[in-house]
Amino acid sequence: MSEKSFYITTPIYYVNDVPHIGHAYTTVAADTLARWHRSGGDKTWFLTGTDEHGQKIQTSAEKRGITPKELCDEVVQNFQKLWKVLNISNNDFIRTTDDRHVEFVQKAFKQLLESGDIYKGEYEGWYCVPCETYVPDAQMGEGNTCPDCRRPLVRMKEETYFFKQSKYAEKLLKYYEENPDAIMPKSRYNEVISYIKSGLRDQSISRTTLKWGIPVPGDDKHVIYVWFDALLNYVSALSSGENSEELKKYWQTAHHLVGKDIIRFHCVIWPAVLMALGIEPPKRVFAHGWWTVDGAKMSKSVGNVVDPFEMVDVYGVDSFRYFLLRQVPFGLDGDFAEAAMVQHINSDLANDFGNLLSRSTQMLVKYREGRLPHDAAQTDLDKEIQSMAEETLVKAEELMGRFAFDDTLKTIWAFISRCNKYIDETEPWKLGKEGNVERLDSVLRTLWEALRLTAILIAPFMPYAAEKTYAQLGLSGSLFDGARSEWKWGGDFDVTVTKGEILFPRIDVEKWAEERKIRDAARLVKQNPLAARDYGKHEEETTIESFSGQELRVAVVEKVEPAQNSDKLYLISIDLGYEKRTIVSGIRKFFKPEDLIGKKIVVLCNLKPAKIRGNESNGMLLAASTVKEEQLTLLTVMDDTIPAGTRIG
Ligand code: MSP
């Protein structure tokens, strides 16, 4: 196979995570490239899948009392469902628990063991026992602590298998020097080169602390390190099954799309392992940037993790795909703001594209009963539109060759705008009134041709909208399978144009803003119930003076008794140092008396005394609780030696 084939992959995703826009982004980009190449007539293979081994899966499965494989079988469906919803056209879906993959990884391991590129040695380093991971010296926290859980690290030594990565440093540098496009964008290329130049160490590629992984062949004490296992998916998927001889040929045109955070795995370890196995490195690794959400880092605790299912539900799959690829140059970081998406939908899709399609089809139906005019003579203006169509195609080809999705879309939209202007210039409604049949024919034919090309060009980005456009133009047949490479202006078409549904209805911004508030609140409750209490019920701004008016003090709990006439209340006797008093509080279901006695808590002291179920309460203790009070904890002080009665504020 020559360059007329194209192999595109996404990273294989960890199944324990819920799919978010990061996952959707790479997969939509890969899908668009796959569809683009199919429409350009290339033999195309598109692979995605899931990374299923490792500690996290093992631990979650143990907690639920099921096997890791059972857990994977369940959660893998989240991804498979999402790819259906996003209209992803992958040819294969690989799971690292597939037999075909496990066998391949063990075979590769054995081969490298025999060739001496894998050897048994001893690994020594700082280890976090609860996280079950080695922490590199440079990442250790103060006083030799774990950067994740902050607990003290221990010095550990264990037997491990190493991959001789150091041996490949020179070869890798030479390879990248000769293939400067093998890592894109350029900034990532430079990052990888300087990393390799700073010196490569041999990589530990087995673990004895973990069970859920592929066993090292002949040494069951060890399982193979997840990254060594995972990276091999790109080749294992081509190397099994009946048509593997055919599939293996795709490797020569392998393109990996990855996020910038996993570039070293893909551009250092991976090609080195391939070289050791006697396989060519991939043709290109392209690293895209990361999304923030409305300017903030995406995180569950903030409750702003974008759920792609929700986006498709609210905006439609094509609009979501369009926005992901139009908003940010591929390779750079970007911000995901729904407000920006609404703006793009209303202006680019509903207005520019929607108007061109509906105005054109409407006129073809009105003036020609949907029949496509033939043999229409072209004026210079019509020829200008034809030339622009042809140039747009050439430019788009070049831009997509560099994975410049955003510029490709801008180029297509410049053509769409030009066509809208062409309608204003030619004023077909006047031609209709005047009965200028010949001129009207050529204008309508020009618009139809322009739309036919537009449908072909946008199909990889927005397959459903393109199909519907095609249908409105009276065309049938695939928008892929060489549709673009076979395209040329004009031709003999026997079609009937219809005026179909509006493809991208305008979004009413005011209504949208109202609905958005409700969605945001619901999302926060789902992602972080702890933070969600009273969400959206923000208080008025306050001042230091009014805050200082609240007399908060440290108090020691002396006695806790159930209230006589209630099963929810406690009578809590507290000592404020200068006086003792009793507070009535409804926290009985959360604590036993002995949980509280002796604790230093925080009390609002100048609260007006109140009678609660006949018991006088003198103050209020401060607690944090979740939305429906499923969970509740009391505020305490960090330093227990601070005396009772100390003022807070
Ligand atoms: N399992 C490994 C990949 C192995 S490939 C042989 C892995 N999995 S992952 O599920 O964590 O992958 C996530 C992918 O999503 C990465 O490419 C990562 O860059 C991407 N993203 C995660 N958060 C992201 C954003 N906020 N924005 C864009 N992409 C992000 O890594």
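**Ligand shell, by class**

I sorted the residues of the shell around the ligand and got 12 nonpolar, 8 polar and 2 charged. A reminder to myself: this is a predicted model. I counted 22 residues around the ligand, and the closest are I12, D51, G259, D261 and W291.

Next I asked which elements each supply at least two residues of that shell. I found two kinds of element: a strand, β2 (13–14), and the helices α1 (21–39), α7 (226–231) and α8 (233–236). Which of them gives the largest share? That is α7, with 3 residues.

**Polar atoms at the ligand**

I went through the oxygen atoms of the ligand and wrote down what sits across from them. For Y14, a polar backbone atom is 3.1 Å from a ligand oxygen. G259, already on my list of the closest residues, also uses its backbone: an N or O atom there lies 3.0 Å from an oxygen of the ligand. With W290 I had to look at the side chain, where a polar atom lies 3.1 Å from a ligand oxygen.

Then I checked how much of the ligand is covered. Taken alone, the ligand exposes 670 Å², and the protein buries 94% of that.

**Cavities**

I ran a search over the whole structure, asking how many cavities reach 30 Å³ or more. The search turned up 2. As a general point, rolling a probe the size of a water molecule over the atoms shows where empty space is left.

The largest cavity has a volume of about 60 Å³. I listed its lining as G354, L357, S358, Q472, K499, G500, E501, I502 and L503. Helix α13 (residues 338–368) gives the largest share of that lining, 3 residues. By class, I get 3 nonpolar, 4 polar and 2 charged residues there.

The second largest cavity holds about 40 Å³ of space. Its lining is V293, D294, V306, M311, F336, E338, R516 and R523. How do these divide by class? I get 4 nonpolar and 4 charged, with no polar residue in the lining.

**Sheet with β5 and β7**

I moved on to the strands. Here 4 strands form an open sheet in the order β6-β5-β7-β9, and the pairing is antiparallel. The edges are β6 and β9 (203–204), each of which pairs on one side only.

I followed β5 (residues 118–128) to both of its neighbours. Towards β7 (residues 154–163) it runs antiparallel, and 10 bridges join the two. One pair I looked up there is K120, whose bridge partner in β7 is Y161. Towards β6 (residues 133–135), β5 pairs in the antiparallel sense over 3 bridges. I noted C128 with its bridge partner T133 in β6, and W126, which stands opposite V135 in β6.

A general note for when I come back to the side chains: in a regular strand they alternate between the two faces of the sheet.

**Sheet with β10, β12 and β11**

Another open sheet has 3 strands in the order β10-β12-β11, paired antiparallel. Which strands are at the edge? I have β10 (206–207) and β11 (215–216), each pairing on one side only.

I took a closer look at β11 against β12 (residues 219–224), which pair in the antiparallel sense over 2 bridges. V216 has D219 in β12 as its bridge partner.

**Strand β17 and its partners**

Last, I traced β17 (residues 552–562). I looked at β18, β20 and β26 in turn.

With β18 (residues 570–575), β17 runs antiparallel, and 6 bridges join them. The bridge partner of V556 in β18 is D575.

With β20 (residues 600–604), the run is again antiparallel, this time with 5 bridges. A555 has I601 in β20 as its bridge partner.

With β26 (residues 647–648), I found antiparallel pairing over 2 bridges. There L552 stands opposite I648.

Note on methods
Residues are numbered from 1 along each chain as its sequence is written. This is a predicted model: local features need pLDDT of at least 70, side-chain atom pairs count only at pLDDT 80 or more; totals for chains, interfaces and linings use all residues. Side-chain values use heavy atoms; hydrogens and water are left out. A residue is near a molecule or strand if one of its heavy atoms lies within 4 Å of it. A polar contact is a pair of N or O atoms within 3.5 Å; within protein, one must be able to donate a hydrogen and the other to accept it, and residues adjacent in sequence count only if both atoms are side-chain atoms. Accessible areas come from the Shrake-Rupley method with a 1.4 Å probe; for residues, only the protein chains shown count as cover. Ala, Val, Leu, Ile, Met, Phe, Trp, Tyr, Cys and Pro count as nonpolar, Asp, Glu, Lys and Arg as charged, and the others, Gly among them, as polar. On a 1 Å grid over the protein atoms alone, a cavity is a set of points where a 1.4 Å probe fits but cannot get out, and a pocket is an open set with protein on both sides within 12 Å along at least five of seven lines; lining residues have an atom within 4 Å of a point. Grid points are joined across faces, edges and corners, and a volume is the space filled by probe spheres set on the points. Two strands pair if DSSP finds at least two bridges between them.
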